[in-house]
Structure formats: C-alpha cells, structure tokens
Amino acid sequence: WYEESLDGRLAPQGRRDMEQLARRMAARFPALFAARRRLALASSSKHRCLQSGAAFRRGLGPTLDFGGDEVEVEVNDSLMRFFDHCAKFVALVEENDAAMCQVNAFKQGPEMKKVLEKVASALCLPVEELNADLVQVAFLTCSYELAIKNVTSPWCSLFSEEDAKVLEYLNDLKQYWKRGYGYDINSRSSCILFQDIFQHLDKAVEESKSSKPISSPLIVQVGHAETLQPLLALMGYFKDDEPLLADNYARHAQRKFRSGRIVPYAANLVFVLYHCDHVNASQEEYQVQLLLNEQLMAFHHSNETISTYADLKEYYKDLLENCHFKEECELPKVNITAVDEL
C-alpha cells in the first residue's frame with residue numbers, strides 16, 4: 001500500500017489529527033479562536049507541512065471568519081527549517097558520518113546483535129544477510145501501518161517488547177546526536193525561532209499596554225519534528241544526567257529523552273500569554289503557560305506551570321540577547337577536523 005507517490009505527503013490520518021488538534025485548541029481557548037480574530041499561519045515549504053496547516057485551518061470550521069476561508073500561508077523556511085540554513089550544522093552534523101559514531105556503534109553492539117539474531121531466526125535467514133538498517137525498516141513498517149492504517153502488520157510479529165525498546169533507543173540515539181543534546185549546534189541553531197516567538201509575545205505585551213487591539217492574537221507555525229526537538233533542547237527540556245551513548249542502553253531505561261513522546265505525530269508546542277487584571281504587582285500583569293502536546297509543562301526556573309512573562313524572559317535572557325544565528329552557524333575558518341569542533 002505504501003507507494004512512491006505517498007512519500008513526503010500527509011497521510012489521511014495526519015489530516016484528521018491536525019483537524020482534531022485545531023478543534024481541541026479552539027475549545028480550550030475560545031476567546032482566542034473567536035470569530036473575526038486574525039489567524040497568522042506560517043509553514044515550512046514541505047508539502048506535508050502546507051497540508052498540515054490547511055488541515056488545521058479546516059478544523060476550525062467555516063464559522064470562524066479569519067478574513068475569508070483561505071488564510072494566507074506564509075512559507076518561512078528560515079524559521080521552520082532553520083537547520084537547512086545553518087552551515088555549521090549541515091557540514092559538521094548532517095553531512096558528517098563521524099558525528100553519528102554512537103548510533104553506528106549501537107547498531108554493532110550486543111543489544112542490536114540479539115535483535116538481529118532473533119529476527120534472522122524467525123525469518124529462517126542466515127544472520128549475515130541482515131543488518132540493523134534492514135531490521136529498522138521492518139520495525140518502521142510495523143509502526144507506520146499501526147499509526148496510519150490502524151492495522152497490525154505481519155512485520156510486527158517479528159518483534160517482542162524488549163526488541164521494540166532496543167529499536168526505540170536506536171532512534172532516540174539518532175535524534176539525540178542529530179537534533180538534541182549531542183552537539184551544541186543542534187539546539188543553538190534554533191535560537192532564530194526561539195527569538196521570533198518572544199518577539200511576537202513582546203509585541204502583544206506592548207500593544208496590550210498601550211490599549212491597542214492585538215494585531216496577531218493567534219500565530220500558528222507549522223514545521224517538523226526536527227524543528228521542535230532542537231527548540232526544546234535549547235530550552236533545556238528532557239535532558240538526562242548522562243548523555244545517550246552506544247554502551248549505556250541499560251542505564252537509560254528510565255531516560256527523559258524519548259523522541260516518541262517528545263515529538264510524536266502532530267506534536268505541538270504552545271506558548272500562551274495571559275493578561276491578568278487582578279494582580280498585586282505590575283510585573284504579574286502578563287503571565288505565560290507552556291503546553292507540549294496539549295499537556296502543561298513546568299518552567300525550569302520555578303517548577304511551576306505558570307510564570308510571569310518578566311521572569312521567563314529573565315531566565316532565558318542569555319539566549320534572547322546573545323544567541324545570534326549567523327554567528328552560531330558560521331563554519332569555523334581554521335581547518336580543524338569536524339569532530340574536534342563539535
């Protein structure tokens with residue numbers, strides 16, 4: 001059923017997920033999604049992102065008049081695909097095989113070897129004919145059929161729960177070293193998006209203080225798991241005490257960094273800015289909440305799920321003022337090996 005033409009396209013289940021997400025958001029924040037409120041929609045240029053944005057808009061239904069049915073979608077790859085525009089990341093991580101040494105080592109390690117032997121035995125194949133990449137394809141086929149078609153694929157019968165945990169770790173290792181805490185540039189390259197979010201919040205605060213209508217009360221930006229994972233790492237979320245390595249699988253059984261939970265299908269991160277009338281001090285007038293996949297997240301600086309906007313900006317002051325995309329992403333001039341630089 002998986003044809004070439006489906007590659008990179010949004011699956012019907014993905015469209016349904018985005019429409020339902022929009023409905024739940026509108027139910028949760030009725031004042032924000034009220035009629036005649038302006039919706040600003042930005043997306044990556046990838047077809048599935050544009051389709052996701054359109055599905056989200058559709059989910060809000062015809063009753064919401066966002067200036068006609070067709071909201072203008074602004075394609076903005078410099079924000080939604082910042083990783084493509086970061087020369088240092090592309091050269092030293094994306095296109096550098098040495099950067100994935102932990103991933104490659106795990107593929108050859110004892111946990112993966114055990115899975116290979118079991119799968120080879122189930123398929124009555126000599127183990128030499130299999131490798132970690134082929135086994136991963138079988139596992140992904142099982143998970144895609146479950147997610148997209150809600151059927152249990154015959155490929156699933158090859159794997160036990162323990163095998164699935166090993167293959168999940170293999171994927172997490174890749175995400176960790178390519179999009180997470182593995183290398184600083186992974187997350188530092190997202191500061192352009194982080195700062196953009198705060199510029200929108202700043203503008204809303206300014207307009208509110210001068211009693212102007214909020215020009216962009218609702219901003220929806222559609223990107224990729226690869227957009228969200230580095231941003232969450234930049235903010236310090238899901239960081240384990242020790243890095244994910246090829247040889248510490250057993251110690252990471254209870255790890256925080258699980259990409260399947262952090263960036264599942266239709267993953268979403270929401271910054272909610274509140275204007276509070278009845279407060280004791282002026283700095284409490286503007287407060288913020290953060291939701292990841294529709295669950296409230298505690299802020300690092302307070303361990304609370306609500307923060308004054310002033311406190312949040314103070315906590316991330318260094319990132320807001322001193323993380324400059326252009327400088328962060330410049331390739332080092334001197335000729336040093338890639339791994340040294342990382």
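1. A residue counts as buried when its relative accessible area is under 20%, and as exposed when that area is over 50%. Keep those cut-offs in mind below. The model is predicted.

2. Start with the disulfides. There are three of them. Number the bonded cysteines in sequence order, and the pairing reads 1-6, 2-3, 4-5.

3. Cys86 and Cys329 form one disulfide, with an S to S distance of 2.1 Å. Cys86 sits in the loop between helix 3 (77-80) and helix 4 (87-94), while Cys329 belongs to helix 15 (residues 325-329), so this pair ties together parts 243 residues apart in sequence. The angle about the S-S bond is -100°, and the link is left-handed. Both Cys86 and Cys329 are buried.

4. Cys142 and Cys156 make another disulfide, with sulfur atoms 2.1 Å apart. Cys142 is in helix 7 (residues 132-149), and Cys156 is in the loop between helix 7 and helix 8 (161-178); the two are 14 residues apart. The torsion about their S-S bond is about 105°, so this disulfide is right-handed. Cys142 has 10% relative accessibility, so it counts as buried. Cys156 is at 16% and therefore also counts as buried.

5. Cys191 and Cys323 are joined too, their sulfur atoms 2.3 Å apart. Cys191 lies in helix 10 (residues 191-209), and Cys323 lies in the loop between helix 14 (317-322) and helix 15, 132 residues apart. Their S-S torsion is about -85°, so the disulfide is left-handed. Cys191 is buried at 0% relative accessibility. Cys323 is buried at 1%.

6. Why does Cys49 have no bond? The closest cysteine sulfur, in Cys86, is 19 Å from the sulfur of Cys49, which is too far. Cys49 is buried, with a relative accessible area of 3%.

7. Cys124 is in a similar position with regard to bonding: its closest cysteine sulfur, in Cys156, is 19 Å away, too far for a bond. Is Cys124 buried or exposed? Cys124 is exposed, with a relative accessible area of 70%.

8. Now look at strand 1 (residues 39-43). Five of its five residues are buried. Side chains in a regular strand alternate between the two faces of the sheet. In strand 1, Leu39, Leu41 and Ser43 lie on one side, Ala40 and Ala42 on the other, and all are buried.

9. Which strands pair with strand 1? Strand 3 (residues 218-222) runs parallel to strand 1 and is joined to it by five bridges. Strand 2 (residues 73-75) also pairs with strand 1 in the parallel sense, over three bridges. Use Ala42 as a landmark: Ala42 stands opposite Gln221 in strand 3 and opposite Glu74 in strand 2.

Terms used
Residues are numbered from 1 along each chain as its sequence is written. This is a predicted model: local features need pLDDT of at least 70, side-chain atom pairs count only at pLDDT 80 or more; totals for chains, interfaces and linings use all residues. Side-chain values use heavy atoms; hydrogens and water are left out. Buried means under 20% relative accessible area, exposed over 50%, partly exposed in between (1.4 Å probe, protein chains only). Helices (H or I, at least four residues) and strands (E, at least two) are DSSP runs, numbered from the N terminus. Two strands pair if DSSP finds at least two bridges between them. A disulfide is a pair of cysteine sulfur atoms within 2.5 Å.
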